[in-house]
Amino acid sequence: MTTYAVDELGLFELDANAVEEAAAGDDWQTLCNSAAVPGGPCQNPPGGSQFAFTGIVPDPAPQSIFDGGKKDIQDVSQWSHKDGAVPDKSDITNAYAAAYLSASNVPPVHSIGDLILYFGADRVINNGDTFMGFWFFKDLVRAENDGSFSGVHMPGDTLVLVNFPQANNAVPLIQVVEWDPTCSKADSNSPQPGDCAASNLRLRFGASGAGAICNADNPQEACAITNDMTEDSPWPYESKDGFINQFPFETFFEGGINISEVIGGEACFASFMAETRSSSSFTASLKDFVIADFPVCGTELRTEIHAQGDESTNYDGGSIATGSLLHDAAFLEVTGAGSITPSGSIIINQYNSGDCSGTPTEVLNTDVSNGTTVGDELKFETSDVEYSIANNATAISFLAQFISSDGVLPNATAPCETVTLNTVNSSVVTEIHEKGVHNVNLDGGSVFVGTEIHDYAAVTSSGGLDLTGSVDFTLYPSDDCTGTPISGFGTNGTENVTLAADETAETSEFDTAGYLTAGGGDKWLSFLAAYSGDLNHKPSTADCEKVLIQKRLPSIETHVIVLDRAKVAGDGYAIDPTGNVDFDIYLTANCSGSPSATKTVAMADAGDVSDGDLVATLLAADATIISTLNATSSVSYVATYKGDANYDPVTHACENVDVTLPAKTTATKP
């Protein structure tokens with residue numbers, strides 16, 4: 001007895017009914033997970049220990065059948081279908097398939113064990129011979145709405161032909177053929193396993209009679225069986241002749257195949273199809289079909305968006321601060337039987353959109369062999385890149401693909417993943433400077449009226465990004481940035497300044513001359529700086545800053561101005577003296593020392609002498625000004641009349657003036 005017999009593994013009951021019984025293994029009822037009552041609906045998730053299951057797939061209404069002349073020897077691309085009816089004996093009502101591993105009922109990825117496929121179908125009536133086929137496709141094959149089939153045949157596609165004729169002396173027959181484009185025609189009229197059975201079909205297995213039937217005395221690597229009595233249907237079923245939730249004899253078919261032993265190679269399948277055929281010929285015309293996805297083995301690709309240094313957080317579908325360093329991580333998992341090594345490339349594209357639309361930027365293209373094994377997956381990562389709103393968009397997205405290079409595994413595309421970029425906070429710090437002095441902040445202090453001042457702002461980013469934009473500086477006649485802005489500053493009291501490369505801004509000078517009034521006192525000025533923000537940054541406003549404009553502090557001191565005067569009078573003669581008087585000026589007491597100057601002044605009527613006599617008075621330019629403070633100063637004079645034709649010269653005695661001035665007094669602020 002072969003150790004690979006599909007009906008001796010204890011995985012599945014191949015017993016000509018769909019009901020779970022005491023025998024070891026699952027049955028279709030187990031997978032359907034329906035109640036014991038016949039005709040109950042199947043549940044999700046299914047029961048059982050399989051690792052792939054199509055579900056109980058009904059032939060949908062309206063019924064879709066093959067167009068005339070379609071055959072198994074044709075490529076999938078040559079098939080077509082239409083809505084219509086087939087002979088009752090060829091009318092499939094439901095089809096189903098499940099995959100197991102001989103080594104383990106619950107296979108991990110890359111587990112080692114033979115791949116066992118179990119298949120089945122039921123038909124609407126039993127009035128005639130049954131010629132059925134069960135395709136297992138490596139590619140994803142589907143019947144499209146336009147009447148075509150998508151997908152292609154690939155080497156390794158497997159067709160199990162099951163024939164249960166009802167004629168006298170007819171015997172059951174099971175044959176397994178593999179899609180092989182190197183076969184151009186049949187090698188003979190009676191091909192043997194290994195021979196070409198027809199164009200594109202190579203025979204791999206064949207058994208007839210009792211050897212074709214499951215649970216017979218000689219178990220096989222492939223077998224099939226049909227019910228020879230009425231059996232309950234675990235799912236809704238109605239036969240053409242009125243049986244409800246019961247299968248009349250030879251309307252229920254099931255079987256199994258050890259694909260690993262019969263076909264070998266990489267055991268990857270994506271689709272399953274049950275078909276009815278016009279005869280047992282390899283080139284028979286196809287009738288009805290039911291098709292379903294059957295992910296026996298495949299590739300699953302998932303992705304995560306990570307920030308630099310943070311592998312624990314997946315930002316897909318979330319948001320992160322603009323300017324963050326991000327990378328995409330793709331995880332490839334191969335599912336199915338056997339030890340399957342993927343071959344091909346991992347490609348990751350990044351889009352400046354939130355839905356993987358637009359022009360992509362390829363951020364990773366690497367051979368799948370470069371992946372890092374993490375548990376049951378191969379991990380691939382892009383480099384960390386700074387993504388910002390200014391350089392990208394408000395959202396970015398990634399799309400990862402696995403492109404198979406050998407056709408063994410199907411291609412896979414991960415769902416589009418997206419992350420929203422959020423603007424980050426900015427902050428503004430300001431200082432009031434006096435013109436030409438940049439290291440002293442006048443905020444809260446004071447300057448004298450007439451001082452030229454300006455405001456300075458430094459803007460910073462909480463995300464460390466370069467800042468652009470501008471700062472609006474507004475000048476107010478108050479200490480709290482309230483009131484009507486001062487119109488003499490900027491435009492209507494506000495000056496807009498574009499940020500410099502060092503992310504600072506500085507206003508023009510404001511001259512405080514004229515800001516104070518003659519009758520008023522000191523007054524405050526205040527600046528308010530507001531950063532505009534940019535694509536990456538939120539706007540921000542600095543604290544109000546102020547400076548007191550003060551009137552200047554004068555001082556007062558007194559000076560004494562001394563101008564000597566000499567009056568010359570005659571002796572009663574009718575003519576008064578005329579001529580000049582010399583003044584010797586001494587900056588000492590009692591005319592001591594040498595005179596500091598001698599001034600000659602002509603005599604004249606001063607107009608302030610009532611008797612009309614003539615006087616000589618030093619000019620204002622010759623005045624002696626006593627300005628030494630907090631001390632006693634002396635000045636002395638000697639006046640000499642020079643004489644004229646009528647009078648002799650005469651000299652006055654020394655005259656002395658002592659003056660004491662107080663110290664200077666300076667104004668103070670209250």
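Biologist: Is Cys32 buried or exposed in this predicted model?
Modeller: The relative accessible area of Cys32 is 1%, and a residue has to be under 20% to be called buried. Since 1% falls under that limit, Cys32 is buried.

Biologist: Which residue forms a disulfide with Cys32, and how far apart are their sulfur atoms?
Modeller: To count as a disulfide, two cysteine sulfur atoms must lie within 2.5 Å of each other. Cys32 forms such a pair with Cys42, and their sulfur atoms are separated by 1.9 Å.

Biologist: Where along the chain do Cys32 and Cys42 lie, and how many residues apart are they?
Modeller: Cys32 belongs to helix 1, which covers residues 28-32, whereas Cys42 sits in the loop between helix 1 and strand 1 (52-53). Cys42 has a relative accessible area of 35%, so this residue counts as partly exposed. Along the sequence, the two cysteines are 10 residues apart.

Biologist: Is the disulfide of Cys32 and Cys42 left-handed or right-handed?
Modeller: The handedness follows from the torsion about the S-S bond, which for Cys32 and Cys42 is about -105°. With that torsion, the disulfide is left-handed.

Biologist: How many disulfides does the structure hold?
Modeller: Besides the pair of Cys32 and Cys42, Cys214 and Cys223 form a disulfide, with their sulfur atoms 2.0 Å apart. The torsion about the S-S bond of Cys214 and Cys223 is about 100°, so this disulfide is right-handed. Cys214 is buried at 2% relative accessibility, and Cys223 is buried at 1%. For the structure as a whole, the number of disulfides is six.

Biologist: How many residues apart in sequence are the parts that the pair of Cys481 and Cys544 ties together?
Modeller: A disulfide joins Cys481 to Cys544, with 2.1 Å from S to S, and its torsion of 95° about the S-S bond is right-handed. Cys481 lies in the loop between strand 34 (470-476) and strand 35 (494-498), while Cys544 lies in the loop between strand 39 (540-541) and strand 40 (545-550). Cys481 counts as buried at 12% relative accessibility, whereas Cys544 is partly exposed at 33%. The parts that this pair ties together are 63 residues apart in sequence.

Biologist: What distance separates the C-alpha atoms of Trp524 and Cys481?
Modeller: Trp524 is found in strand 38, residues 523-531, and with a relative accessible area of 26% this residue is partly exposed. Along the chain, Trp524 and Cys481 are 43 residues apart. In space, their C-alpha atoms are separated by 10.0 Å.

Biologist: Which residues touch the most other members of the largest nonpolar core?
Modeller: In soluble globular proteins, nonpolar side chains tend to be buried together. The largest nonpolar core here has 36 residues. One of them, Leu117, is in contact with residues beyond its neighbours within four places in sequence, including Ala98, Phe136, Ile257 and Val296. The members that touch the most others are Leu117, Phe134 and Phe136.

Biologist: Is Ile625 buried or exposed?
Modeller: Ile625 is found in strand 47, residues 624-626, and joins Ile561 and Leu563 in a nonpolar patch on the surface, with about 290 Å² of accessible area together. The relative accessibility of Ile625 is 51%, and the limit for this class is over 50%. Ile625 therefore counts as exposed.

Biologist: Which strands hold the two partners of the salt bridge between Arg204 and Glu178?
Modeller: The side chains of Arg204 and Glu178 meet at 2.8 Å, N to O, which is a salt bridge because the limit is 4 Å. Arg204 is partly exposed at 32% relative accessibility, whereas Glu178 is buried at 11%. The two residues are 26 apart in sequence, with Arg204 in strand 13 and Glu178 in strand 11.

Biologist: How many residues apart in sequence are the parts that Asp582 and Lys642 tie together?
Modeller: Asp582 and Lys642 meet in a salt bridge of 3.0 Å, N to O. Asp582 lies in strand 44 (residues 580-586), and Lys642 lies in the loop between strand 48 (631-641) and strand 49 (650-651). Asp582 is buried at 15% relative accessible area, while Lys642 counts as partly exposed at 46%. The parts tied together are 60 residues apart in sequence.

Key. Residues are numbered from 1 along each chain as its sequence is written. This is a predicted model: local features need pLDDT of at least 70, side-chain atom pairs count only at pLDDT 80 or more; totals for chains, interfaces and linings use all residues. Side-chain values use heavy atoms; hydrogens and water are left out. Patches are made of residues with over 30% relative accessible area and no salt bridge: like charges are joined within 9 Å, nonpolar side chains (Val, Leu, Ile, Met, Phe, Trp, Tyr) within 5 Å. Accessible areas come from the Shrake-Rupley method with a 1.4 Å probe; for residues, only the protein chains shown count as cover. Helices (H or I, at least four residues) and strands (E, at least two) are DSSP runs, numbered from the N terminus. Buried means under 20% relative accessible area, exposed over 50%, partly exposed in between (1.4 Å probe, protein chains only). A nonpolar core is a set of buried Ala, Val, Leu, Ile, Met, Phe, Trp, Tyr and Cys residues joined through side-chain atoms within 4.5 Å. Contact means heavy atoms within 4.5 Å.
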